[in-house]
Amino acid sequence: MKYDAIVVGAGFAGMYMLYRLRKAGFSARVLETADGVGGTWYWNRYPGARCDVKSIDYSFSFDDALQREWQWSEKYATQPEILRYANHVADRFDLRKDIQFETEVQAATFDEARKRWIVKTTQGETFDAQFHIFASGCLSVPKAIDIAGQKDFVGATYHTADWPREGVDFSGQRVAVIGTGSSAIQSLPIIAQQAKRLTVFQRTPAFSLPAFNQPLTDEQRAETQRTYAERRAQSRHSLFGVPNYPMEKSALEVDANERERAYEEGWQKGELVGIMQQYHDLLINNAANETASEFVRNKIRAVVKDPAVAETLCPTSFALGTKRACLDTGYYEMFNEAHVELVDLLKTPIEKITKNGVQTSDRAFEFDAIVFATGFDAMTGAIVNVDVRGVGAVQLAEKWQAGPRAYLGLATHGFPNLFMITGPGSPSVMSNMMTSIEQHAEWITDCLVYMREHGHALIEASEAAQQQWVTHVNDVANMTLFPQANSWYMGANVPGKPRLFMPYIGGCGVYRDKCDEVASHGYEGFRLSIESAQSASAG
Ligand code: FAD
Ligand code: N01
């Protein structure tokens, strides 16, 4: 079957990519493993799953009517509400007719003679397309569980990123949760309400801030509608894809009382950027950051009644914000409940999972259920999972063995006519992903239109431009505290994965300007060729 473009994935990125391609007159097929749209929000159905960017920002901005007709019910929408939104978008723009569900892309090979991508699925189908576009997600491949004995356990096991559709009732059960990242921190307080006994296995404590989630009032909704255009414009030109707060001062140029007042104001906002955008040097200066980190630690100490448990929950091995912070509702309060226990794996590591539970270096635990909240093979996992072969049949996974290399995070040398949405080297996971997804899908579509108008059949990132961009991405990261943390941004959560800071931290606005400049200079840094490709015709 021939198309202009094959798009891998029907999350928000794949859906919007399809919308733009169709609007520009390209034929496209979206291939999706799941049996529905929504990506992240299709798979992550664990109790308590919500967005941590305000719903009014974590939504599409491209269609004013869509923006006006969809009313979010809460400051941070739940997973079911976001999944309903994804389905609404699919229906509203009649996207499903070009999405093929229950279809997993297994291999994509660039046919050099025909200048086309041959895409094969696990189900045995083959597609033929001029362009191959990854919209396969940055957090869509759960990290392989690296704890021995998982198969020996006779009770039930769950992964937060592959949660049963029908939900799970933990009432009366002895439950273990392994991991204390965002997925765990959102789900634990709800699991605690059901479980007879809950044991939290923590290796590295996370910084978590209160969401202060609440229903949106009619007045708030009206205000959002009144200011939406301006708000969206600010987001597009911001640091993190949401409107910036002004950051005029250094944390070190004010006295402790003023800092305390500023951090408290940031804390009360109930937002990831609330504290981090009080001062301009919190992500670049360890001493400045330490003032904010200690503020949050003191908040933990004030809530958790047992001082030893509180200290165990206080992160000290990385700076606030350099591993993705979490937003919670009642996480630290939960540790004051008698049936909740915290196990510090830094003191007593897990040796293995046993028939009846978990064996640490000093104790055997028995459980009815184990929840793995152990995270993802982030940013590159879904791309290298596909056997992608470019010029000279070189495999992308092999080429990226020492870490991903991409020009603007959009394309990679040696793989012509292949694009990535929110790929490594773009703001991606450092931003409100909706802002970044829209920007990439629009840029890619404009590029394809340009190629069509100028008779170009091929586009490929040049090695020199890619090298320059990769160096710039690293240079900017190295100006910050991010590389000091063992985070999934660095690939540090997956054993054997190369360590380098994968997203671009220069800011969404700066990055957008760079992408626009590249386009306005005739796609500078890309090699465009007029060699003819076989024309695509659907069917
Ligand atoms: P995804 O939503 O991950 O969709 C990718 C799709 O590709 C999936 O459906 C997958 O099945 C499919 N796919 C992958 N490989 C293949 C293949 N080989 N063949 C066929 N199909 C394939 N970001 C924010 O900005 N704000 C938030 O509040 C936020 N909350 C999050 C909460 C959770 C629990 C998680 C895990 C992530 C969150 N994120 C958040 C990040 C989130 O992933 C993005 O916001 C966004 O949903 C990504 O959309 P996407 O379409 O790029 O990828
Ligand atoms: O995954 P994580 P996540 N033994 O990697 C631990 C987005 N998201 O699914 O840090 C013991 O953050 C690991 O410990 P350590 C958001 O971008 C958003 O929670 O490696 N423990 C860590 O504690 C987020 O950042 C929301 O020492 C092991 C945890 O498991 C990203 O997705 C909600 C272990 C994994 O934490 C990923 O979040 C959910 C082992 N062998 C997700 N292996 C929102 O709130 C891993 N761990 C919107």
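**Ligand 1 and its shell.** I looked up which residues surround ligand 1 in this predicted model, and found that, of the 33 residues around ligand 1, Glu32, Thr40, Asp52, Tyr58 and Met433 come nearest. Sorting the shell by residue type, I noted 17 nonpolar residues, 13 polar ones and three charged ones.

**Polar contacts.** I then went through side chains that approach the oxygen atoms of ligand 1. For Tyr58, I read a distance of 2.6 Å between an N or O atom of the side chain and an oxygen atom of ligand 1, and for Glu32 the corresponding side-chain distance to an oxygen atom of ligand 1 is 2.7 Å. Trp43 also places a polar side-chain atom 3.1 Å from an oxygen atom of ligand 1. As for cover, I noted that ligand 1 on its own has 980 Å² of accessible area, of which the protein covers 94%.

**Helices in the shell.** Turning to secondary structure, I found that H1, helix H2 (40-43) and helix H14 (433-454) each supply at least two residues of the shell around ligand 1, and that the largest share, three residues, comes from H2.

**Helix H1.** I followed H1 separately: this helix runs over residues 12-23, twelve residues in total, and spans 17 Å from its first C-alpha to its last, close to the 16 Å expected at 1.5 Å a residue. I recorded H1 as mostly covered, with nine of its twelve residues buried; among them are Phe12, Met15, Tyr16, Leu18 and Leu21. After H1 comes Gly25, for which I noted a positive phi, near 90°.

Conventions. Residues are numbered from 1 along each chain as its sequence is written. Chains are lettered from A and ligands numbered from 1 in the order in which they are written. This is a predicted model: local features need pLDDT of at least 70, side-chain atom pairs count only at pLDDT 80 or more; totals for chains, interfaces and linings use all residues. Side-chain values use heavy atoms; hydrogens and water are left out. Helices (H or I, at least four residues) and strands (E, at least two) are DSSP runs, numbered from the N terminus. The expected span of a helix is 1.5 Å times one less than its number of residues. Buried means under 20% relative accessible area, exposed over 50%, partly exposed in between (1.4 Å probe, protein chains only). A residue is near a molecule or strand if one of its heavy atoms lies within 4 Å of it. A polar contact is a pair of N or O atoms within 3.5 Å; within protein, one must be able to donate a hydrogen and the other to accept it, and residues adjacent in sequence count only if both atoms are side-chain atoms. Accessible areas come from the Shrake-Rupley method with a 1.4 Å probe; for residues, only the protein chains shown count as cover. Ala, Val, Leu, Ile, Met, Phe, Trp, Tyr, Cys and Pro count as nonpolar, Asp, Glu, Lys and Arg as charged, and the others, Gly among them, as polar.
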